[in-house]
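This briefing is meant for a reader who is meeting the structure for the first time. Please keep the sequence and the model side by side while reading the points that follow.

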Amino acid sequence: FYTVGKNITLKNCNVSTLYPLATGSTFVNHSYENNIFSEAVEIDLMSCTGYLDIINNTFGSQATVYLEAENLTYINNTCGDKLYLYDSAGVIEGNLLEMCTISANNENLTFKNNVINKSSLSGYAKLIRNDIFSSNVFGSYIYENNFYGAKVYEPYSQLFTNVTNNRFLNVTEAVYLVKAPIYLFNNTIIGNATYPVVYLIQLRNQNSTIEKNFISTGTNGVRVELRSDNILIKDNTFNNLTQAIRLYGLSTGRNITILNNNIENCSYGVYGEKNVSIINNSINSNIGIYVQSGYPTIENNTINSSDVGIYLLGAYVSDLNTTNIILGSGNKVVVNWSVRIYVLDQNGNKISGALVSVYDNTSALVDQKTTNVRGIASFSLTQYIVNSSNTRENKTPHTILASYSGSTNSTLLLSLIHISEPTRPLYISYAVF
């Protein structure tokens, strides 16, 4: 059968070959209904003007279908191996799209009420009220779909996507975007309780908002990492997670705001870094807020913690305890610094195997380590603690004692105060032998 002519209908046929449009031929208003296309047929229905109706057809499991039309209606078909829709506008409705690779590049094309199973759908179409199983999908507008072990996934495109009012159930990952900005609004996202996922939502992008979602059950709720910038996480509910919000590998100067979230039953509420803003959140977790390096803004949060309310490692905040309400049985605030001790001889050579002991200001042994092949011993040392009774306990200055076989011990007094560059570990180098 040749795909030429105007107002053509192919109906109730067994089709083994469908030839593409010949150069200069007319291809206007075609309809294909109730046909069976052979197992590995290649179907080329490109550049159709007017309407192109593909209704109630069965495509072989190895079939490749190329469609492009001004007004495409693709209804109640069983899909083949590949379905390329190019710049088609119209509707894809009521189909079984199983084990299929699908590409659709027009936001005026809508997928609705389909079953999408073990497939990938890329491009920029709309997805509305589909049941999506074990598949990766992406589109311009993703609305009221049911995801079962499936996710919104796009590693390359920089196009914006709106993901609203969807249900992600029993997912191993809900959203993974490398470049595409997203507005993720009012979704229910529940991970797999038997096989907890690493990240329910993972972003490496810019200019994205995560708002009013319910996110539960998994290892991490939201992970924002690497090149991410201008990210707003607000008004969400997080529940039953190891880390509700995790920031990782960000460079200084990135704009990440965590605002007005409700975090319940998590090991860590916010695990952050650099200059993150954490404002007006309600957090019930073992550790409320943990931030390493930088100058974070931590204000007006209500934290109920069993271990530590706010834990800083190499990060500086001028006033924590008066601007946040910190409840629970654990310490309210712990401020630590990363310190690397270089042990050198009198000629500046690094000494491996030296024993470095660190004592706090009460002469209690804090930690003891042996230098590595580069002459380094690394420690996390506490500057001060605000305990559950709201009493500040200063732990510095620290005494550092280095010893090496056959040599005289060397002692250094180190006072941990506000360090000018808290984005880096504190390096102490001194000659001991």
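**A surface patch and its surroundings**

On the surface, Leu96, Val115 and Phe133 come together as a nonpolar patch, and their accessible area together is about 200 Å². The model described here is a predicted one, and the points below move from the overall build of the protein to its aromatic rings and its charged side chains.

**Overall build**

- The protein contains 45 strands and zero helices.
- The protein has 433 residues, of which 52% count as buried.
- About 18,200 Å² of the protein is exposed, and 45% of that area is supplied by carbon and sulfur atoms.
- Among the contacts in the protein with a separation of 6 or more, 31% are between residues that lie 24 or more positions apart.

**Members of the patch**

- Val115 belongs to strand 13, which covers residues 115-117, and Val115 counts as partly exposed because its relative accessibility is 31%.
- Phe133, another member of the patch, has a relative accessibility of 30% and therefore counts as partly exposed as well.

**Aromatic rings**

- The count of aromatic pairs comes to 15.
- One of these pairs is formed by Tyr66 and Tyr84, which are stacked, with 5.4 Å from centre to centre and 20° between the planes.
- Because Tyr66 lies in strand 7 (residues 64-75) and Tyr84 in strand 8 (residues 82-84), this pair ties together parts that are 18 residues apart in sequence.
- The rings of Phe133 and Tyr148 also form a pair, and it is stacked because the centres are 4.8 Å apart and the planes meet at 20°, where stacking requires planes under 30 degrees apart.
- This second pair links distant parts of the chain, with Phe133 in strand 16 (residues 131-133) and Tyr148 in strand 19 (residues 146-148), 15 residues apart.
- Tyr148 has a relative accessibility of 29%, so it counts as partly exposed.
- Elsewhere, Tyr268, Tyr271, Tyr290 and Tyr311 make up one aromatic cluster.

**Charges over rings**

- Lys369 lies over the face of Phe379, at a distance of 5.4 Å from the ring centre.
- Arg392 has its charged end over the ring of Tyr384, 3.5 Å from the centre of that ring.

**Salt bridges**

- Side chains of opposite charge can pair when their charged atoms come close.
- The structure holds eight salt bridges, and one of them joins the side chains of Asp81 and Lys82, at 2.6 Å from N to O.
- Lys82 counts as partly exposed, because its relative accessibility is 28%.
- Another salt bridge brings together the side chains of Asp229 and Arg254, at 3.8 Å from N to O.
- Since Asp229 lies in strand 29 (residues 229-234) and Arg254 in the loop between strand 30 (237-248) and strand 31 (256-259), the pair ties together parts that are 25 residues apart in sequence.
- The two partners fall into separate classes of accessibility, because Asp229 is buried, with a relative accessible area of 15%, whereas Arg254 is partly exposed, with 23%.
- The side chains of Glu393 and Lys395 also meet in a salt bridge, at 3.7 Å from N to O, and Glu393 counts as partly exposed because its relative accessibility is 29%.
- In addition, Arg204, Arg223 and Glu225 are joined into one network by salt bridges that share partners.

How values were computed: Residues numbered from 1 in each chain as written. Predicted model: local features only at pLDDT ≥ 70, side-chain atom pairs only at ≥ 80, totals over all residues. Heavy atoms only, no water. Patch = residues over 30% accessible without salt bridge, like charges linked within 9 Å, V, L, I, M, F, W, Y side chains within 5 Å. Areas by Shrake-Rupley, 256 points an atom, 1.4 Å probe, with all protein chains shown as cover. Salt bridge = Lys/Arg side-chain N within 4 Å of Asp/Glu carboxyl O. Helix = DSSP H or I, 4+ residues; strand = E, 2+ residues; numbered from the N terminus. Buried < 20%, exposed > 50% of the residue type's maximum accessible area, 1.4 Å probe, protein only. Phe/Tyr/Trp six-rings, centres within 6.5 Å; stacked < 30°, edge-to-face > 60°. Lys NZ or Arg CZ within 6 Å of the ring centre and 35° of its normal. Contact = heavy atoms within 4.5 Å.
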